[in-house]
Amino acid sequence: MNPILVYTYPLSVVLIFALAIGVGLFLTRKFHLNWRLYWIGGVIFILSQVFHLPFNFLLLNPFLKARLPEALPEAWVLPITALLLGLSAGLFEELARWAGYRWWAKDARSWSRGLLYGAGHGGVEAILIGGLVLVTYINMMAIRNHDLATLVPPEQLSLAQAQFNAFWSAQWYDSLLSAFERALTLPAHIAWSILVLQVFVRRQTRWLGFAILWHALVDAAAVFAVGTWGVYVAEAIVGVNAAASMAIILAFRRPEPEPLLEAGLPFPASPDLLSGMPPVEETAENLNRTRFSG
């Protein structure tokens, strides 16, 4: 057992929670927004998983395990599996993101609001993952001084022992991978939200297709890399995507619209309204009436 893991696993949880809440806090303060869009984004992410996870568990995964190896050469199984899993994630999450903009976050039509909405997606996902890491850590701490043979059925003992040994024999930096991955994934969620936002601000549906395709390719590349080269190459791919996501976020930056009435400026008269008014004859009497008006 690596004793430093007793401290690094909970540190990873703290970092994940701090990242998720810290990004929301930064955006709400910088752009003077409330947390409403953040939590809407988070709820939309959860709703996407309500449909995404059962679809994978009941339909996609059984097909991938039972049918795909029979239908394709062995060399094609992993790439197609990765692509279908990525496409599943892209479709469910980006369509849910679009639905959230369409029917719930109707006021999220600016760059800053899109950032906060996307931060909610990625932030709540990070909080859920951090919660899973915390629960796993608590369970592993609770059983580390017990005989596993007294806690699990005999047919599950070997698997439970392997999981226990892997958890407590990891390198300290491996125990922080969850936090590192969340830091790289959050910019992607924000960038995808900015892309989907363009459907509404530019009135072009193709941006939803771009977000779905990008999400699918990123997830597929990560799944393929884990199965082929290992977790560190997969994290490197996620890191490249994080850099690309930041570039996309900055490329779509626009000046924030500022309502004239909120800024204390006079409301401009509509040209159409003025054009419908009758002309005022410049007589001495009319000029005298308006001299002291206003």
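Start by selecting helix α4, residues 74-103 (helices here are DSSP runs of H or I, at least four residues, numbered from the N terminus), and pick out R97 and E94, which sit 3 residues apart in α4, about one turn of the helix. This is a predicted model, where local features need pLDDT of at least 70, side-chain atom pairs count only at pLDDT 80 or more, and totals for chains, interfaces and linings use all residues. Residues are numbered from 1 along each chain as its sequence is written, and side-chain values use heavy atoms, with hydrogens and water left out.

Now show the side chains of R97 and E94: they meet in a salt bridge, N to O at 2.8 Å (a side-chain nitrogen of Lys or Arg within 4 Å of a carboxyl oxygen of Asp or Glu). R97 is buried, at a relative accessible area of 0%, and E94 is buried, also with 0% (buried means under 20%, exposed over 50%, partly exposed in between, with a 1.4 Å probe and protein chains only).

Next, select E125 and R182, another salt bridge, with the closest N and O atoms 2.9 Å apart. E125 lies in α5 and R182 in α7 (residues 177-201), so this pair ties together parts 57 residues apart in sequence. E125 is buried at 14% relative accessibility, and R182 is buried at 7%.

Add E181 to your selection. Its salt bridge with R182 has the closest N and O atoms 3.4 Å apart, and E181 is partly exposed, at 29%. Shared partners join E125, E181 and R182 into one network.

How many salt bridges does a search of the whole structure find? It finds 4.

Definitions and conventions. Helices (H or I, at least four residues) and strands (E, at least two) are DSSP runs, numbered from the N terminus.
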